[in-house]
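Visitor: I should like to understand how the terms used for this model are justified. Please take me through them.
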Amino acid sequence: MKRVLIATEKPFASSAISQIADLLHKAGYSLNLLEKYSSKNELLDAASEVDALIVRSDQVDRELLDAAAKLKIVVRAGAGYDNVDTAYAKEKSVVVMNTPGQNSNAVAELAIGLAIYGIREFFGGKSGGELRGRTLGLHGYGYVARNVHRIARALGMKVLTYTRFSKAQATSEGLQVTGSLEELYAQSDVVSIHVPARGIHLKSVSMAVLKQLKKNAIIINTARKEVIDEEDLCAFMTQRDDVKYLSDLRPDCAAVFEEKFAGRYFFTPKKIGAQTQEANTNAGLAAARQIVAFFEEGDETFRVNK
Ligand code: 3PG
C-alpha cells in the first residue's frame, strides 16, 4: 500500500481534506496528515516512511529529502515551487510536480481585492478613486494573471501585460503586450505582479522599472517577495510619496514601511492568496490525482524537475 503524507504548516480546509482522503482511499492508498507542525523534527519524522508527499509553501529541503528514504514524489499543491529543492530531489530520483492553475482564481480575487482596498484609501473614509477606466498592468501572464484580466475587464479597466513566455496567449485574448517591463510600469495606474520567484524574475521589480510609474500608482504583489528588489522599492517609496504597495507577502524590510510609509502600504498577516475552500479542494485533489496517476500509469505530466 502506498503511503501519502500531507504536510502543511498552513492547513487545507477540512472539506478539502476529506475529499482528498476519499480519493486516495479509493485508490487503495493510506493518508497521514501533519498540519500546523511547530518543529522541523515533526516533519522529518512524519516523512520518514512515506512514498508521496503533498505540501504547500512548506520547505522541502535536502534534510527532508534525505530523511524521507522511501519518497518517490512530492507534489506542491499550488503553483510556485520555489520552496522545493528540485535539483536535489532529481539527484535523489524524486519527482517534483506542481498543480498549475488550480488555485489561481483565489489569488486573482485577492489581487483585485487589494487593488480596490488601495484605490479606496484602505477604507478609511478619505476620498479615493475607482478602478473603472484605469489601466491595469499585468507583470507576467500565467494562470493567476489571466483570471485577474477576466475580472478587471468586467470592472471596466484597460488591461496591458508584459510577458516573455505567454505572448501568444495574451494576444489571442485581445491583450496589448508592451515591448518592455519599463513600458508596462510607465503605462499602468495599477500594476499586479504575477511572475514566479526564479530566473530572470528575481528582483525584476527594480528602480529602473519602478521609476517609470505614473503619479498615484498602486503596486499589488500576490506573487513572491523575491521578485521585488526591496532596497530599490524602499528607496523609490521614499522619493515618491504618492505610490502605494499592497502585498500578500510581508517584505523583509517591513520595519522600513512601518516607520516611513504609513498610509501607503498593506501586508496580509500571512500569505492568504490561495486560502479558500475552493482553491484548497482544487489544488489538493489535483495533487492526490497526480500522485495516483504517477504510481499507477507513470504519468509525469506536471513534473517540474525533469
Ligand atoms: C502558490 O504558489 O500556489 C501560491 O502562492 C499559494 O501558496 P500557498 O499554498 O502557500 O497558500
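Guide: Ala, Val, Leu, Ile, Met, Phe, Trp, Tyr, Cys and Pro count as nonpolar, Asp, Glu, Lys and Arg as charged, and the others, Gly among them, as polar. By that division, the shell around the ligand holds 2 nonpolar, 4 polar and 5 charged residues. The model is predicted: local features need pLDDT of at least 70 and side-chain atom pairs 80 or more, whereas totals for chains, interfaces and linings use all residues. Residues are numbered from 1 along each chain as its sequence is written, and side-chain values use heavy atoms, without hydrogens and water.

Visitor: What makes the approach of Lys271 to the ligand a polar contact?
Guide: A polar contact is a pair of N or O atoms within 3.5 Å. A side-chain N or O atom of Lys271 is 2.7 Å from a ligand oxygen, so the pair qualifies. For Arg224 the distance is 2.8 Å, and for Asn103 2.9 Å.

Visitor: Why is the pairing of Lys40 and Glu63 called a salt bridge?
Guide: The term requires a side-chain nitrogen of Lys or Arg within 4 Å of a carboxyl oxygen of Asp or Glu. Lys40 and Glu63 meet at 2.7 Å, N to O, so the term applies. By this rule there are 15 salt bridges.

Definitions and conventions:
A polar contact is a pair of N or O atoms within 3.5 Å; within protein, one must be able to donate a hydrogen and the other to accept it, and residues adjacent in sequence count only if both atoms are side-chain atoms.
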